[in-house]
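This briefing sets out the ligand surroundings, the metal site and selected secondary-structure arrangements of one protein model. Please read it alongside the sequence and coordinates shown here.

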Amino acid sequence: MTRTITHADVIVTSPSRNFVTLKLTTSDGLVGWGDATVNGRELAVASYLRDHLVPALVGRDAEKIEDTWQYFYRGVYWRRGPIGMAAIGAVDMALWDIKGKAAGMPVYQLLGGAVRDKILAYTHATGWTLPELLDSVAVRRAEGFRAVRVQSGVPGLDTVYGVSRTPGGYEPAGRGAGPVEERWDTSAYLRHAPELLRSVREAVGPELTLLHDVHHRLTPTEAGRLGRSLEDVDLFWLEDVTPAENQTLLRAVRQHTTVPLAIGEVFNTIWDAHELISERLIDYIRMAVVHAGGISHLRKVLAFAEVYQVKGAPHGPSDVSPINMAASLHLGLATTNIAIQEHMGYDPLVFEVFHVGYQLADGYLHPGEAPGLGVDVDEKAAAHFPYRQAYLPVARTLDGTMKDW
Ligand code: GCO
Ligand code: MG
């Protein structure tokens, strides 16, 4: 019996923030779910799916995951890019979900089975000042986390990436008609960050795993200097030190510091990272399942990285849906060179729409044993939260020049 795709529906919902979800239904009544969310550009992916992929999906053989991936990647001519790759990523996730449900197995079993019992998670701590940041770290530790990303305010700046001015989690996307403009001052940041991170390490002791995200703000020279000044802090990694479109620039950073480097949350194919990996200019590759064209492509990126002892550490912010998180956990459980999974967490409203089977306990994640990806979407609940316009901020330097956010 051929299992064909009979329906492909795109759902845009906003339970506290926007998510784009693909639903595939097969001729024998199976349903597969995929995440297609690109923060701040949600409707572009929804249109790419609805207007361009859905017409070609209906009637296709639902069993042919790899062939469908190749069909949409090679068949598009204008290939790569975040919008197209997220759309392919959603199709790919949904097809793995269907294959798992058809087999009665969790997707990690289809990927070769578990190579570990559970996946180490890291979460975020945020504070405007050092005492606030330390309080936030203490809360995260009390929740069981063993690895925490620490971000703090910078004296002289009143908005800083990763830092919340209100209690609770940090959410960069602002709802409204246009992006918020933030100010950035690299000198102020470089004067402040080393001392701040050293103080955090002294306060928390040697065992807690600490990470820090620079969010694409530095030149290679500045990044080398920062890395060197942080070597005694024992960071698990320093993330996104440069914008990294130019992969070869990371060579300069490597020449100056042995601080572990992580990069890649905005990459979408191996072609964004092949030199970084093959020259071992990074230690961790951060692509998310959705933005990297799904499980099928990220699996290949990770296999390539394994050859060079580069590890995977998938992006897991609040702006990819729990379907992506589940897919990441299935891949993570079955892939030897996954080091850690980001788990920023979600607003409770998100779980009114997305019912998840994955578990977080004692600082570790597990995808669960339900067939497929193990996430169900409540379409009625989704309909209660219509799309709302939202943007990520933009950044300018103190003289008003546009800067990478
Ligand atoms: C991270 C990221 C996010 C991004 C966000 C943009 O490391 O988790 O940097 O916080 O800023 O995903 O949409
Ligand atoms: Mg990041």
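A polar atom in the side chain of D319 is placed 2.9 Å from an oxygen atom of ligand 1. On its own, ligand 1 has 340 Å² of accessible area, of which the protein covers 95%. The model is predicted, and the points below are grouped by topic.

**Surroundings of ligand 1**

- Around ligand 1 there are 15 residues, and those that come nearest are N39, Y161, H215, E265 and E342.
- D213 also offers a polar side-chain atom to ligand 1, at 3.0 Å from one of the ligand's oxygen atoms.
- For R149, the separation between a side-chain N or O atom and an oxygen atom of ligand 1 is 3.4 Å.

**Magnesium site**

- Which residues supply the protein donors of the magnesium ion (ligand 2)? They are D213 (OD), E239 (OE) and E265 (OE), at 1.9 to 2.2 Å from the ion.
- Two of the residues named here recur in the account of ligand 1: D213 places a polar side-chain atom 3.0 Å from a ligand oxygen atom, and E265 is among the residues that come nearest to that ligand.
- Along the chain, the donors of the magnesium ion follow the spacing D-x25-E-x25-E.
- D213 belongs to strand β8 (residues 209-213) and E239 to strand β9 (residues 237-239); the two residues are 26 apart, and the pair links distant parts of the chain.

**N-terminal open sheet and its helices**

- An open sheet is formed by 3 strands in the order β1-β2-β3, with antiparallel pairing.
- Its edge strands, β1 (5-13) and β3 (31-35), each pair on one side only.
- From one strand to the next, the twist averages 20°.
- Helix α1 (residues 42-57) packs on this sheet and touches β1 and β2, its direction making about 175° with that of β1.
- Helix α3 (residues 82-103) lies across β1, β2 and β3 and runs at about 150° to β3.

**Pairing and hairpin of β1 and β2**

- The antiparallel pairing of β1 with strand β2 (residues 19-26) extends over 8 bridges.
- Within this pairing, A8 has L24 in β2 as its bridge partner, while H7 stands opposite T25 in β2.
- The hairpin of β1 and β2 has 5 residues between the strands, and S16 takes a positive phi near 85° there.

**Mixed open sheet**

- A further open sheet has 3 strands in the order β7-β19-β20, and here the pairing is mixed.
- Strands β7 (181-184) and β20 (402-403) are the edges of this sheet, each pairing on one side only.
- Strand β7 and strand β19 (residues 394-397) run parallel and are joined by 4 bridges.
- One bridge partnership between these strands is that of W184 with T397 in β19.

**Contacts of L120**

- L120 is located in strand β4 (residues 119-127).
- Which residues does L120 touch, not counting those up to four places away in sequence? The contacts are R146, A339, I340, Q341, G363 and Y364.
- Although L120 and R146 are 26 residues apart along the chain, their C-alpha atoms are separated by 8.0 Å.

Notes. Residues numbered from 1 in each chain as written. Chains lettered and ligands numbered in written order. Predicted model: local features only at pLDDT ≥ 70, side-chain atom pairs only at ≥ 80, totals over all residues. Heavy atoms only, no water. Pairing = 2+ DSSP bridges. Axes fitted to C-alpha atoms, helices over the stretch in contact; angles between N-to-C directions. Contact = heavy atoms within 4.5 Å. Near = heavy atom within 4 Å. Polar contact = N/O pair within 3.5 Å; in protein donor to acceptor, adjacent residues only side chain to side chain. Areas by Shrake-Rupley, 256 points an atom, 1.4 Å probe, with all protein chains shown as cover. Donors = N, O, S within 2.8 Å, 3.2 Å for Na, K, Ca; no water.
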